[in-house]
Amino acid sequence: MDCLFCKIIEGSIPSEKIYEDDMMLCFKDINPTCPVHVLMIPKKHISSLDDLKEGDEEVISHMMLKVKDIAKTMGLDNGYRLVINTGEDGQQSVKHLHMHLIGGRKLNWPAG
(Lines give C-alpha, C1' and ligand atoms only; values in the text may rest on other atoms or scores of the structure.)
Protein backbone atom coordinates (compact mmCIF):
# COMPACT_ATOMS: atom_id res chain seq x y z
CA MET A 1 0.00 0.00 0.00
CA ASP A 2 1.32 3.42 -0.92
CA CYS A 3 -0.11 5.32 2.06
CA LEU A 4 2.04 8.00 3.69
CA PHE A 5 0.51 7.45 7.13
CA CYS A 6 0.82 3.65 6.90
CA LYS A 7 4.53 4.17 6.19
CA ILE A 8 4.80 6.43 9.25
CA ILE A 9 3.08 3.75 11.35
CA GLU A 10 5.48 1.05 10.13
CA GLY A 11 8.45 3.36 10.77
CA SER A 12 9.79 3.63 7.22
CA ILE A 13 9.05 7.37 7.31
CA PRO A 14 10.14 9.16 10.51
CA SER A 15 7.81 11.26 12.62
CA GLU A 16 7.96 13.15 15.89
CA LYS A 17 5.76 10.86 17.97
CA ILE A 18 3.62 12.28 20.76
CA TYR A 19 1.68 9.15 21.71
CA GLU A 20 1.39 5.57 20.50
CA ASP A 21 -0.49 2.46 21.53
CA ASP A 22 -1.74 -0.67 19.77
CA MET A 23 -4.64 1.17 18.05
CA MET A 24 -3.35 4.64 17.22
CA LEU A 25 -0.40 6.93 16.65
CA CYS A 26 -0.16 10.65 17.34
CA PHE A 27 2.64 12.76 15.90
CA LYS A 28 3.50 16.39 15.15
CA ASP A 29 2.28 17.76 11.81
CA ILE A 30 5.19 18.73 9.54
CA ASN A 31 3.28 21.83 8.33
CA PRO A 32 1.66 23.16 11.52
CA THR A 33 -1.10 25.76 11.30
CA CYS A 34 -0.95 26.54 15.04
CA PRO A 35 1.67 26.49 17.79
CA VAL A 36 0.37 22.98 18.60
CA HIS A 37 -0.67 20.85 15.63
CA VAL A 38 -0.62 17.08 15.96
CA LEU A 39 -2.18 14.33 13.87
CA MET A 40 -3.98 11.39 15.41
CA ILE A 41 -4.30 8.35 13.14
CA PRO A 42 -5.65 4.83 13.55
CA LYS A 43 -3.08 2.12 12.92
CA LYS A 44 -5.72 0.29 10.91
CA HIS A 45 -5.90 1.81 7.43
CA ILE A 46 -9.27 3.53 7.06
CA SER A 47 -9.36 5.90 4.09
CA SER A 48 -11.81 8.46 5.54
CA LEU A 49 -14.82 8.94 7.78
CA ASP A 50 -16.92 7.83 4.82
CA ASP A 51 -15.13 4.47 4.85
CA LEU A 52 -15.86 3.55 8.47
CA LYS A 53 -17.45 0.12 8.78
CA GLU A 54 -19.09 -1.99 11.44
CA GLY A 55 -16.27 -3.07 13.72
CA ASP A 56 -14.42 0.28 13.60
CA GLU A 57 -16.27 1.58 16.66
CA GLU A 58 -13.58 0.45 19.08
CA VAL A 59 -10.70 2.26 17.39
CA ILE A 60 -12.71 5.45 16.79
CA SER A 61 -14.03 5.64 20.35
CA HIS A 62 -10.54 4.89 21.68
CA MET A 63 -9.10 7.76 19.66
CA MET A 64 -11.80 10.16 20.81
CA LEU A 65 -11.26 9.20 24.44
CA LYS A 66 -7.49 9.85 24.08
CA VAL A 67 -7.95 13.40 22.72
CA LYS A 68 -8.20 15.01 26.16
CA ASP A 69 -5.08 13.21 27.42
CA ILE A 70 -3.02 14.18 24.37
CA ALA A 71 -4.29 17.78 24.60
CA LYS A 72 -3.22 17.91 28.24
CA THR A 73 0.22 16.48 27.35
CA MET A 74 0.59 19.23 24.73
CA GLY A 75 -0.31 21.98 27.23
CA LEU A 76 -3.70 22.80 25.71
CA ASP A 77 -5.35 23.49 29.07
CA ASN A 78 -7.17 26.57 27.73
CA GLY A 79 -8.84 24.78 24.81
CA TYR A 80 -8.22 23.23 21.44
CA ARG A 81 -9.91 22.20 18.21
CA LEU A 82 -10.24 18.73 16.70
CA VAL A 83 -10.70 18.65 12.91
CA ILE A 84 -11.41 15.72 10.59
CA ASN A 85 -11.23 16.63 6.90
CA THR A 86 -13.15 14.26 4.64
CA GLY A 87 -13.01 14.04 0.86
CA GLU A 88 -11.85 16.46 -1.79
CA ASP A 89 -14.09 19.40 -0.82
CA GLY A 90 -13.23 18.80 2.83
CA GLN A 91 -9.53 19.22 1.92
CA GLN A 92 -8.49 15.72 2.99
CA SER A 93 -4.90 15.59 1.75
CA VAL A 94 -3.94 12.06 2.86
CA LYS A 95 -6.38 9.22 2.22
CA HIS A 96 -5.96 7.75 5.70
CA LEU A 97 -8.41 8.87 8.38
CA HIS A 98 -6.74 11.42 10.63
CA MET A 99 -7.67 14.01 13.22
CA HIS A 100 -5.91 17.35 13.51
CA LEU A 101 -5.57 18.43 17.14
CA ILE A 102 -4.73 22.13 17.05
CA GLY A 103 -4.33 24.86 19.63
CA GLY A 104 -1.84 26.93 21.54
CA ARG A 105 -3.51 30.22 20.57
CA LYS A 106 -7.03 31.67 20.33
CA LEU A 107 -8.68 30.07 17.30
CA ASN A 108 -10.99 31.98 14.96
CA TRP A 109 -14.55 30.99 14.07
CA PRO A 110 -16.00 30.31 11.59
CA ALA A 111 -13.17 28.04 10.56
CA GLY A 112 -13.75 27.73 6.81
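Biologist: In this predicted model, is Cys6 buried or exposed?
Modeller: Cys6 is found in helix H1. The relative accessibility of Cys6 is 17%, and the limit for a buried residue is under 20%. Cys6 therefore counts as buried.

Biologist: How far apart in space are the C-alpha atoms of Cys6 and Ile60?
Modeller: Along the chain, Cys6 and Ile60 are 54 residues apart. The separation of their C-alpha atoms is 17 Å.

Biologist: Why does His96 count as buried?
Modeller: His96 has its place in the loop between E4 and E5. Leaving out residues up to four places away in sequence, His96 touches ten residues that include Cys3, Phe5, Cys6 and Ile9. His96 counts as buried because its relative accessibility is 0%.

Biologist: Which residue offers a backbone oxygen to the side chain of His96?
Modeller: Among the residues that His96 touches are Ile41, Pro42, Lys44 and His45. The side chain of His96 reaches a backbone oxygen at 2.9 Å, and a polar contact requires N or O atoms within 3.5 Å. The residue that carries this oxygen is Pro42.

Biologist: What is the C-alpha to C-alpha distance between His96 and Leu25?
Modeller: In sequence, 71 residues separate His96 from Leu25. In space, C-alpha to C-alpha, they are 12 Å apart.

Biologist: Is His62 buried or exposed?
Modeller: His62 belongs to helix H2, which covers residues 57-73. Beyond its neighbours within four places in sequence, His62 is in contact with Asp21, Met23 and Met24. Its relative accessibility is 18%, and the buried class lies under 20%. His62 therefore counts as buried.

Biologist: Which element gives the most residues to the largest nonpolar core?
Modeller: The largest nonpolar core has 18 residues, and Met40, Ile70 and Leu101 touch the most other members. Two or more residues of this core come from each of E2, strand E3 (36-42), H2 and E5. With six residues, the element that gives the most is H2.

Biologist: Which residues does Ile70 touch, not counting residues up to four places away in sequence?
Modeller: Ile70 is one of the three residues that touch the most other members of the largest nonpolar core. In soluble globular proteins, nonpolar side chains tend to be buried together. With residues up to four places away in sequence left out, Ile70 touches Ile18, Tyr19, Met24, Cys26, Val38, Met40 and Leu101.

Biologist: How many residues are in the other core, which lies apart from the largest?
Modeller: Its members include Cys3, Phe5, Ile8 and Ile41. The number of residues in this other core is 10.

Biologist: Which element gives the most to the lining of the largest pocket?
Modeller: The largest pocket holds about 350 Å³ of space. Its lining has 19 residues, with Phe5, Asp29, Ile30, Leu39 and Val94 the closest to the centre. Helix H1 (4-10) and strand E2 (24-28) each supply at least two residues. With three residues, the element that gives the most is H1.

Biologist: How many residues of each class are in the lining of the second largest pocket?
Modeller: The second largest pocket has a volume of about 300 Å³. Its lining consists of 14 residues, and those nearest its centre are Thr33, Arg81, Val83, Ile102 and Ala111. Strand E4 (80-83) and strand E5 (99-103) each contribute at least two residues. By class, the lining has six nonpolar, six polar and two charged residues.

Definitions and conventions: Residues are numbered from 1 along each chain as its sequence is written. This is a predicted model: local features need pLDDT of at least 70, side-chain atom pairs count only at pLDDT 80 or more; totals for chains, interfaces and linings use all residues. Side-chain values use heavy atoms; hydrogens and water are left out. Helices (H or I, at least four residues) and strands (E, at least two) are DSSP runs, numbered from the N terminus. Buried means under 20% relative accessible area, exposed over 50%, partly exposed in between (1.4 Å probe, protein chains only). Contact means heavy atoms within 4.5 Å. On a 1 Å grid over the protein atoms alone, a cavity is a set of points where a 1.4 Å probe fits but cannot get out, and a pocket is an open set with protein on both sides within 12 Å along at least five of seven lines; lining residues have an atom within 4 Å of a point. Grid points are joined across faces, edges and corners, and a volume is the space filled by probe spheres set on the points. Ala, Val, Leu, Ile, Met, Phe, Trp, Tyr, Cys and Pro count as nonpolar, Asp, Glu, Lys and Arg as charged, and the others, Gly among them, as polar. A nonpolar core is a set of buried Ala, Val, Leu, Ile, Met, Phe, Trp, Tyr and Cys residues joined through side-chain atoms within 4.5 Å. A polar contact is a pair of N or O atoms within 3.5 Å; within protein, one must be able to donate a hydrogen and the other to accept it, and residues adjacent in sequence count only if both atoms are side-chain atoms.
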